[in-house]
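Work through the exercises below with the structure open. Each task is followed by its solution in steps.

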Amino acid sequence: MAAEPGSSVAVQRLMSQSAEMAARGLIGWTLLVDGVGGVIVETEAYDAGDPASHSFGGPTKRNAAMFGPVGHAYVYRIYGLHWCLNAVVDAASAGSAVLIRALAPTQGIEIMSARRRGLPLRDLCAGPGRLCEALGVAGALDGASLSEPPFSLIPPASDPPVICGVRIGITKGAETPWRFGLSGSPFLSRKF
DNA sequence: GTTCCGATGTACT
DNA sequence: GTACATCGGAACG
């Protein structure tokens, strides 16, 4: 077998699960865009029945990708100026996604630092808007497959220690503990 | 360390 | 008009 084709199968298997399971399972994977990125250390789950989810209330022009194929990206603008990257998950219930909230930078750190105006390593990808700026993710990638260029997703060698807590920055469904993080990582957007 | 605030696209009342 | 899955900078302690 050549280098990467197997990972597409692994991505599909991971992302066919419920949003909660997929969000937990994504911790420790390496996410790259054009070879630049790092290890996913923080995620949040949003499913179709969740009042905090953009898909709650059905498809719109903005959230169309959430109702598209599993394993593709949902990229949207937040507060009019930042981008946020999600992975579309859960084939059994359309409209579910996992928000990628933070990475530990490993690949292309100089490129990310330049895009982030020389900010310290800890601040390059510690937040959903920050990691999109560092990786060059923008609206043009909405709906693109996460297992084809420019994206690549690489599984971890072993299951990392995962902690969970309540999600950040929402008002509806705020008590649901669907935020997941790599235990002890210094690159989380906030402490748990 | 903390709190406050402005930037502004998209969905919704 | 208001709310929002955010960020960075200013002001303050």
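**Exercise 1.** How many bridges join strand β1 to β6, and do the two run parallel or antiparallel?

Solution. The model is a predicted one. Locate strand β1 at residues 30–33 and strand β6 at residues 151–154. Four bridges join them, and the two strands run antiparallel. To place one of these residues, start from T30: its bridge partner in β6 is I154.

**Exercise 2.** Assign the residues of β6 to its covered and uncovered faces.

Solution. Side chains in a regular strand alternate between the two faces of the sheet. In β6, F151 and L153 make up the covered face. S152 and I154 make up the uncovered face. The bridge partner of T30, I154, is thus listed on the uncovered face.

**Exercise 3.** Which residues of helix α2 are buried, and where do they lie around the axis?

Solution. Helix α2 covers residues 19–26, and its buried residues are A19, A22, A23 and L26. These cover an arc of only 100° around the axis, so they sit on the same side of α2. The spacing fits the general rule: an α-helix has 3.6 residues a turn, so residues three or four places apart point the same way. After α2 comes G28, with a positive phi near 100°.

**Exercise 4.** Decide how many disulfides there are, and whether C125 and C164 are buried or partly exposed.

Solution. A disulfide needs two cysteine sulfur atoms within 2.5 Å. The count is zero. For C125, the nearest cysteine sulfur belongs to C132 and is 9.6 Å away, so by the 2.5 Å cut-off C125 is in no disulfide. C125 is buried, because its relative accessible area is 1%. C164 has a relative accessible area of 43%, so C164 is partly exposed.

Key
Residues numbered from 1 in each chain as written. Chains lettered and ligands numbered in written order. Predicted model: local features only at pLDDT ≥ 70, side-chain atom pairs only at ≥ 80, totals over all residues. Heavy atoms only, no water. Buried < 20%, exposed > 50% of the residue type's maximum accessible area, 1.4 Å probe, protein only. Pairing = 2+ DSSP bridges. Arc of directions from axis to C-beta.
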